[in-house]
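Me: I am new to this structure and would like to go through it slowly, one question at a time. Could you show it first, and then reason through each answer with me?

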Amino acid sequence: MTEETCTRLPGLGEPAPDFAADSTQGPVKLSDFKGKWVVLFSHPADFTPVCTTEFMAFSAIHDDLKALNVQLLGLSVDSVSAHLAWIRAIKEKMGVTVPFPIIADLTMTVAKKYGMIQPGQSSTAAVRAVFVIDDKGILRAMIYYPLSIGRYMPEILRLVKALQTTDAHKCSTPANWQPGDKVVVAPPKTTAEMDKRLSEGYECKDWYLCYKKI
């Protein structure tokens, strides 16, 4: 078994692996963003069709993420020079300015730390992965997509808002939750809590499933 296959990938609720790398906006370290949330995403390659549509889409939600105290970071195993040429082409041909840093990872150091290289897809390109890291540097969510499928930006925004909502209100979010919807409260752990639940003003469907407005 090689060292690469023995590398343990980060898990949810654990510190996100730190890294230092060059980017289109100069050197970046993950630890520099403590106090901010981070959305780190990888793409397979510069100057490719699906990736180009995604970078325009990520650019469109950049300000929405910034308003949520989120730093957006892109990454692929291309060089800084390739990244710079690509974002210039996106601006000239598509009229879109890419406002966030794109990390160069020619050695795949960061990609391997985060499990972005999936041999079943490609051994030389990162899959479309998304990692949400909170303001304390903890990995809170991750989503992997195959090379052929572009990501849905409203879900990435919804995910960040859901995480921030559950942190602020000590609750959970139900299926298909959108900001402004009711949230789910933790189920009671004793019969006394179960009886009390009925008088606490929640909308209860059963003793274990209760909603509240926040």
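Reply: Let us begin with a sheet: in this predicted model, five strands form an open sheet with mixed pairing, and their order is S5-S4-S3-S6-S7.

Me: Which strands stand at the edges of that sheet, each with a single partner strand?

Reply: In an open sheet with the order S5-S4-S3-S6-S7, one can look for the strands that have a single partner strand, so that one side of each is left without a neighbour in the sheet. Neighbouring strands here are turned against each other by 20° on average, with direction ignored. The strands at the edges are S5 (102-104) and S7.

Me: What is the bridge partner of Phe131 in S7?

Reply: Strands of a sheet pair through backbone hydrogen bonds, either in the parallel or in the antiparallel sense. For S6 and S7 the sense is antiparallel, and the pairing extends over six bridges. Within S7, the bridge partner of Phe131 is Met142.

Me: At about what angle does H2 run to S4?

Reply: Helix H2 lies across four strands, namely S3, S4, S5 and S6. Helix H3 also packs on the sheet, where it touches S4 and S5 and its direction makes about 150° with that of S5. For H2 against S4, the angle is about 165°.

Me: Which element gives the most residues to the largest nonpolar core?

Reply: The largest nonpolar core has 28 residues, and Val39, Phe55, Phe58, Phe100 and Val132 touch the most other members. Among the elements that give two or more residues to this core are strand S3 (37-42), helix H2 (49-67), helix H3 (80-94) and helix H5 (153-169). With six residues, the element that gives the most is H5.

Me: Which residues of the stretch from Val70 to Leu73 does Val39 touch?

Reply: Leaving out residues up to four places away in sequence, Val39 touches partners that include Val130, Phe131 and Val132, as well as Ile156 and Val160. Val39 is also one of the core residues that touch the most other members. From the stretch in question, Val39 touches Val70, Gln71, Leu72 and Leu73.

Me: How many residues are in the second, separate core?

Reply: In soluble globular proteins, nonpolar side chains tend to be buried together. Here a second core, separate from the one with 28 residues, includes Ala111, Tyr114, Met116 and Ala129. The number of residues in this second core is 24.

Me: Which element supplies the largest share of the lining of the second largest pocket?

Reply: About 170 Å³ of space lies in this pocket, and of the 14 residues that line it, Lys36, His62, Val70, Gln71 and Leu72 lie nearest its centre. Two elements, H2 and S4, each supply at least two residues of the lining. The largest share, three residues, comes from S4.

Me: What is the order of the strands in the open sheet of three strands?

Reply: Strand S8 (residues 183-184) is joined to strand S10 (residues 209-212) by two bridges, while strand S9 (residues 203-206) pairs with S10 over three bridges; the sense is antiparallel for S8 with S10 and for S9 with S10. The edge strands, each of which pairs on one side only, are S8 and S9. The order is therefore S8-S10-S9.

Me: Which residue of S10 stands opposite Cys204?

Reply: A hairpin through two residues joins S9 to S10. In S10, Tyr211 stands opposite Glu203, and Val184 likewise stands opposite Tyr211. The residue of S10 that stands opposite Cys204 is Cys210.

Me: Looking at the whole chain, what share of its residues count as buried?

Reply: The chain has six helices and 10 strands, and its C-alpha atoms fill a box of roughly 65 × 45 × 30 Å along the principal axes. A residue counts as buried when its relative accessible area is under 20%. Of the 214 residues of the chain, the share that meets this cut-off is 44%.

Definitions and conventions: Residues are numbered from 1 along each chain as its sequence is written. This is a predicted model: local features need pLDDT of at least 70, side-chain atom pairs count only at pLDDT 80 or more; totals for chains, interfaces and linings use all residues. Side-chain values use heavy atoms; hydrogens and water are left out. A nonpolar core is a set of buried Ala, Val, Leu, Ile, Met, Phe, Trp, Tyr and Cys residues joined through side-chain atoms within 4.5 Å. Buried means under 20% relative accessible area, exposed over 50%, partly exposed in between (1.4 Å probe, protein chains only). Contact means heavy atoms within 4.5 Å. Axes are lines fitted to C-alpha atoms, for helices over the stretch in contact, and angles run from 0 to 180 degrees between N-to-C directions. On a 1 Å grid over the protein atoms alone, a cavity is a set of points where a 1.4 Å probe fits but cannot get out, and a pocket is an open set with protein on both sides within 12 Å along at least five of seven lines; lining residues have an atom within 4 Å of a point. Grid points are joined across faces, edges and corners, and a volume is the space filled by probe spheres set on the points.
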